[in-house]
Amino acid sequence: MILLRPFIIFITFVLSYIPVLQFVGLALLFFIYHVLIRNRNLHIERMKKVYETNNLTFPDIKEKSPIIWFILYMVSFLVLNVFYLYLIQQVATLTLEEIQTFTLPSWQIYLLLGSFILSWISYASMINRIDKDQWQLQESEISNKIVKNRFIKLRDGNVVMLLRIITLDVYQWFLLFFLIRETTIHYFEDGTATGRYLELIKKDEKETQNETSTNGAAEKPAQEDLYEKIINQIKNVGEDERYSTIFSHVTSIPDKKKAEEILEKLLEEGYIKEEEYKKLQQFL
């Protein structure tokens with residue numbers, strides 16, 4: 001998996017509005033969508049192995065990659081932009097009187113309309129496959145007690161496209177920021193980002209009952225301090241699982257200040273390295 005930091009959205013946004021660097025911003029934008037699709041495919045592929053190993057019913061998700069929708073979106077997007085530049089140049093050469101009588105040839109109108117419709121359909125389908133499919137898998141993981149927390153929010157591709165138009169494309173940048181953040185956190189929690197998913201094995205009924213009992217006790221007012229709880233869980237585990245466990249806990253704390261205090265204490269006590277500390281801070 002390629003795990004992007006949300007900060008890349010800010011860089012892409014800035015480059016996209018600098019005339020001489022717009023092509024760099026556009027290339028980065030397409031790269032981000034490609035990574036989201038690639039991670040989505042790997043996430044589904046890896047979790048399917050977990051479900052098969054544990055004799056669980058895999059949710060009804062289209063496993064085929066949405067790359068075709070991504071390609072169609074790129075084509076329609078580029079056609080619309082080239083047409084826009086062509087139209088600007090054409091209008092710029094006209095006088096005021098000529099502009100009043102200016103009309104586009106029929107084939108150009110059909111090309112513009114067709115490209116817009118294709119752009120809408122392909123983008124909405126791509127977002128549905130990236131977001132909706134993983135949201136559905138997340139809900140299944142929660143019901144099967146593979147993960148405990150919801151991070152990926154449900155979005156509809158058509159609504160997303162409508163909001164992009166209404167906000168003059170500003171919504172796209174917020175969407176990408178949250179998609180990267182939400183999916184990355186979820187990949188860490190279910191272990192698909194660290195390899196921990198390979199350790200997931202079937203729990204028998206007795207273990208499940210014990211876990212339920214333990215969880216019930218942990219929710220009581222007299223539960224141990226969160227920091228101590230994290231320490232107890234990471235004492236005798238591997239480096240990847242330790243990082244994943246800490247990541248899951250601190251990113252689910254609503255109070256950012258408290259989360260930072262716990263991270264600092266873990267750093268001071270030597271449970272995480274300076275590099276890991278800085279990475280975790282990016283997601284608070």
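Analyst: A cavity is a set of grid points where a 1.4 Å probe fits but cannot get out, and its lining residues have an atom within 4 Å of a point. The model discussed here is predicted.

User: How many cavities of 30 Å³ or more are counted in this model?

Analyst: The count comes to one cavity of 30 Å³ or more. The largest cavity has a volume of about 40 Å³, and this value lies over the 30 Å³ limit of the count.

User: Which residues line the largest cavity?

Analyst: The lining consists of Ile2, Leu3, Leu4, Val35, Leu36, Asn39, Ile180, Thr183, Thr184 and Tyr187. Helices α2 and α7 each contribute at least two of the lining residues. The biggest contribution, four residues, is from α7.

User: What makes up the lining of the largest cavity by class?

Analyst: Seven of its residues are nonpolar, three are polar and none is charged. Asn and Thr are outside both the nonpolar and the charged lists, so Asn39, Thr183 and Thr184 count as polar.

User: Why is α1 called roughly antiparallel to α7?

Analyst: The axes of α1 (residues 7-16) and α7 (residues 170-190) cross at roughly 155°. Angles over 145 degrees count as roughly antiparallel, and α1 and α7 are therefore given that name. Their axes come within 9 Å, and α1 passes α7 in a right-handed crossing. On the α1 side, the contact is made by Ile8, Ile9, Thr12, Phe13 and Ser16. On the α7 side, Trp173, Leu176, Phe177 and Ile180 take part. By class, this contact has seven nonpolar residues, two polar ones and no charged ones. Ile180 of α7 belongs to this contact and also lines the largest cavity.

User: What makes α5 oblique to α6?

Analyst: The axes of α5 (106-143) and α6 (157-166) cross at roughly 125°. The range for roughly perpendicular ends at 115 degrees and roughly antiparallel needs over 145, so an angle of roughly 125° falls under oblique. That makes α5 oblique to α6. The two axes come within 7 Å, and the crossing of α5 past α6 is right-handed. Among the residues in contact are Phe116, Trp120 and Tyr123 of α5, with Val160, Met161 and Arg164 of α6. The contact has nine nonpolar residues, four polar and one charged.

User: Why is α11 called roughly antiparallel to α12?

Analyst: For α11 (residues 256-268) and α12 (residues 274-281), the axes cross at roughly 170° and come within 10 Å. The angle is over 145 degrees, so α11 is roughly antiparallel to α12. Leu263, Glu264 and Leu267 of α11 meet Glu274, Tyr277, Leu280 and Gln281 of α12. Four of these residues are nonpolar, one is polar and two are charged. Glu counts as charged, so the two charged residues are Glu264 and Glu274.

User: What is known of the second largest pocket, and which residues lie nearest its centre?

Analyst: The second largest pocket has a volume of about 950 Å³. Its lining holds 24 residues, with Phe77, Asn81, Arg164, Asp169 and Gln172 nearest the centre. Arg164 is also one of the α6 residues in contact with α5.

User: Which helix supplies the largest share of the lining of the second largest pocket?

Analyst: The largest share is from α3, with eight residues. At least two residues each come from α2 (22-53), α3 (67-92), α5, α6 and α7. By class, the lining has 16 nonpolar, six polar and two charged residues.

Technical notes:
Residues numbered from 1 in each chain as written. Predicted model: local features only at pLDDT ≥ 70, side-chain atom pairs only at ≥ 80, totals over all residues. Heavy atoms only, no water. Axes fitted to C-alpha atoms, helices over the stretch in contact; angles between N-to-C directions. Parallel < 35°, antiparallel > 145°, perpendicular 65-115°, else oblique. Left-handed = near helix turned anticlockwise from the far one by under 90°. Contact = heavy atoms within 4.5 Å. 1 Å grid on protein atoms, 1.4 Å probe; cavity = no way out; pocket = protein on both sides within 12 Å on 5 of 7 lines; lining within 4 Å. Points joined across faces, edges and corners; volume = space filled by probe spheres on them.
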